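Hi,

Here is the model I promised to pass on. Have a look at it first, and my notes come right after.

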Amino acid sequence: LDKLKEDNLTSTENVLKASRNTCMKGKAHVKTGLSIAPSFLLLHEAMCSLLESLKCWRELHLHLEQHAAESVRWDTVFKHDLEQYQAVPPAKNLNPSLFEDISPTELMTLRIPPEASAEATIRLEPSLQPFYLRALRLEERNTCARKACMELMILARKAPENAELYSWVEMEKKRLSKTISLKEKGDKHYRGKRYGLAIDSYSKCLAVDIEGVSIQVKGSTGGRLHAVLHCNRAAASMAKYFHREALADCNSAIAIHESYMKAKLRKARCLLRLKRYDEAIDEYKRYISSVNLARKEGISFNTPCLFDGPHEVSESDLTTAKSELEEALQAKRTAERTERAESQRQQFYEENYGNYRRTNSHSGPHTRNYNFTNGQYKQRRQQQQKQQESPPRNPSSSSSPSSSTNHYTILGISLNADANQIKKAYKKNALKYHPDKNKDATAVDMFLKGQQAYEILSDPQKREAYDQELRFRRHYR
């Protein structure tokens with residue numbers, strides 16, 4: 001206790017404001033104290049406050065279940081006024097042997113039945129019971145939490161003098177019901193593809209735990225429940241193409257449980273959609289290596305909660321991750337090629353046209369100097385002059401294209417047109433300007449141009465090259 005006082009960890013409010021390192025240090029002191037005095041209530045209260053601050057809800061409810069199981073040893077030993085838990089029947093399901101001779105791996109995977117949870121609740125000291133019920137709710141042990149609430153309400157009715165002591169139970173029961181209801185609504189909306197409503201339900205469910213709480217905790221409350229809610233909201237956000245919001249939710253879920261594989265895979269997909277290829281590739285590689293390592297070495301329990309770990313990833317999910325990794329690598333190579341092509345075009349422009357622009361950038365409209373140093377630009381300028389000297393076309397003629405036409409304007413489509421729109425526009429153009437149906441002098445020219453436009457735009461590689469050329473011309477004309 002003196003060590004806790006030195007670190008200012010003797011009250012719940014101070015514990016919640018303390019740093020993680022300070023809490024870990026205090027936790028070690030409390031463990032040492034409990035090894036000497038295992039029934040010292042102040043130390044149990046300090047341990048619960050520290051685990052709450054660290055958001056280690058699984059460890060918290062396991063600690064209290066072990067503490068309650070130890071008290072079962074004294075059932076029926078003391079009678080009358082010496083009985084520790086008056087009005088509490090002997091335990092039938094909670095047994096101290098559950099926690100004896102058990103390895104850390106087995107302890108982390110241990111889940112006592114709901115009946116045993118109810119018996120543990122009524123054997124805990126009143127100051128520890130709120131910690132236990134909250135930990136059950138945040139770890140999604142809803143059946144256990146419901147049973148525990150019912151047992152406490154029955155106990156309050158049996159001892160009316162303690163009714164005020166258990167007034168908080170009704171509020172906890174409402175929180176539990178609201179949490180279950182909102183999560184089920186969010187899942188139902190998501191399955192029905194009502195993603196906006198799903199996001200709203202998950203957001204409300206995340207806020208249930210802090211309703212009416214005066215002390216605000218930084219970040220998420222933690223626990224299996226909130227990790228799943230963040231991951232589910234990320235899935236709904238991805239369906240709405242809100243990839244930045246989805247990425248933030250994936251990071252929140254992974255902060256709660258660093259081996260939450262579903263969240264890690266969704267994070268990689270968000271990064272890929274945001275074209276952050278290097279980060280996406282690294283995330284996919286970490287996902288695959290974690291699964292391979294878990295299959296070789298078994299389960300690891302280095303995180304505060306345990307679910308959807310690397311050992312639970314199916315073969316189909318692993319295969320999907322590998323194929324998406326290849327997709328990310330291919331997308332990165334394509335982006336690099338495009339960037340190199342753009343760089344080469346920029347360099348070509350600077351080498352061929354840059355000197356002319358530097359020479360004439362400050363010339364007036366009547367004193368422009370046309371002393372060309374590059375033959376290609378001079379040839380291009382001569383072609384432009386010939387076009388200006390040629391007789392102008394009739395502007396009222398809708399069938400003849402202007403000098404600024406391109407394959408898209410010839411077919412009358414937008415730059416973002418898909419393959420079906422291109423095909424329909426080509427057929428429409430061919431019917432309109434076919435020489436057998438249109439006797440206009442320019443019909444043949446327009447018909448051939450339509451064929452040429454369709455040949456380029458219907459081929460994805462040719463279209464990509466053509467689009468790059470268009471962007472270059474618009475930028476440097």
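Below is what turned up, going through helices, cysteines, aromatic rings and salt bridges.

Some ground rules before the details. This is a predicted model, so to speak of a local feature I needed pLDDT of at least 70, and side-chain atom pairs count only at pLDDT 80 or more, while totals for chains, interfaces and linings use all residues. Residues are numbered from 1 along each chain as its sequence is written, and side-chain values use heavy atoms, with hydrogens and water left out.

Let me start with helix H14, residues 261-273. Helices here are DSSP runs of H or I with at least four residues, numbered from the N terminus. H14 has 13 residues and spans 19 Å from first C-alpha to last, close to the expected 18 Å; that expectation is 1.5 Å times one less than the number of residues. Ten of the 13 residues are buried, so to call H14 mostly covered is fair. For burial I use relative accessible area: under 20% is buried, over 50% is exposed, and partly exposed is in between (1.4 Å probe, protein chains only). Among the buried ones are Met-261, Leu-265, Cys-270, Leu-271 and Leu-272, but also the charged Lys-264, Arg-266 and Lys-267. Just past the end of H14, Lys-275 has a positive phi of about 65 degrees.

Two other helix residues are worth a click. Gln-129 sits in H8 (residues 129-138) and is buried, at 0% relative accessible area. What does Gln-129 contact, leaving aside its neighbours within four places in sequence? The list is Thr-121, Ile-122, Leu-124, Leu-152, Tyr-166 and Trp-168, where contact means heavy atoms within 4.5 Å. Ala-294, in H15 (residues 277-297), is buried too, at 11%. Not counting residues up to four places away in sequence, Ala-294 touches Pro-310 and His-311. Val-313 is 19 residues from Ala-294 in sequence, and their C-alphas are 9.6 Å apart.

On to the cysteines. With a disulfide taken as two cysteine sulfur atoms within 2.5 Å, the count is zero. Why is Cys-250 not bonded to Cys-270? Cys-270 has the closest cysteine sulfur to that of Cys-250, but at 4.6 Å the two are too far apart for a bond. Cys-250 is buried at 0% relative accessibility, and Cys-56 is buried as well, at 8%.

Now the rings. A pair of aromatic rings is described by the distance of the centres and the angle of the planes. I count rings of Phe, Tyr and Trp (its six-membered ring) as a pair if their centres lie within 6.5 Å, calling planes under 30 degrees apart stacked, over 60 edge-to-face and the rest tilted. The structure holds three such pairs. One of them is Tyr-408 with Tyr-466: the centres are 6.3 Å apart and the planes are at 35 degrees, so this pair is tilted. It links distant parts of the chain, with Tyr-408 in H19 (residues 407-411) and Tyr-466 in H22 (residues 460-476), 58 residues apart. Tyr-408 is buried at 1%, and Tyr-466 is buried at 15%. Another pair, Tyr-426 and Tyr-454, is stacked, at 4.3 Å centre to centre with 10 degrees between the planes. Tyr-426 is in H20 (residues 419-433) and Tyr-454 in H21 (residues 443-457), so this pair ties together parts that are 28 residues apart in sequence. Tyr-454 is partly exposed, at 24%.

Last, salt bridges, meaning a side-chain nitrogen of Lys or Arg within 4 Å of a carboxyl oxygen of Asp or Glu. The total is 22. In H10 (residues 168-191), Asp-187 and Lys-183 are four residues apart, about one helical turn, and they form a salt bridge with closest N and O atoms 3.5 Å apart. Lys-183 is buried, at 16%. H11 (residues 195-207) has Asp-200 and Lys-204, again about one helical turn apart, meeting at 3.4 Å, N to O. Asp-200 is partly exposed at 36%, and so is Lys-204 at 46%. Arg-276 bridges to Glu-279 at 2.9 Å; Arg-276 is partly exposed at 30% and Glu-279 at 38%. Finally, Glu-52, Arg-134, Arg-137, Glu-172, Arg-175 and Asp-209 are joined into one network by salt bridges that share partners.

Cheers

Conventions:
Helix = DSSP H or I, 4+ residues; strand = E, 2+ residues; numbered from the N terminus.
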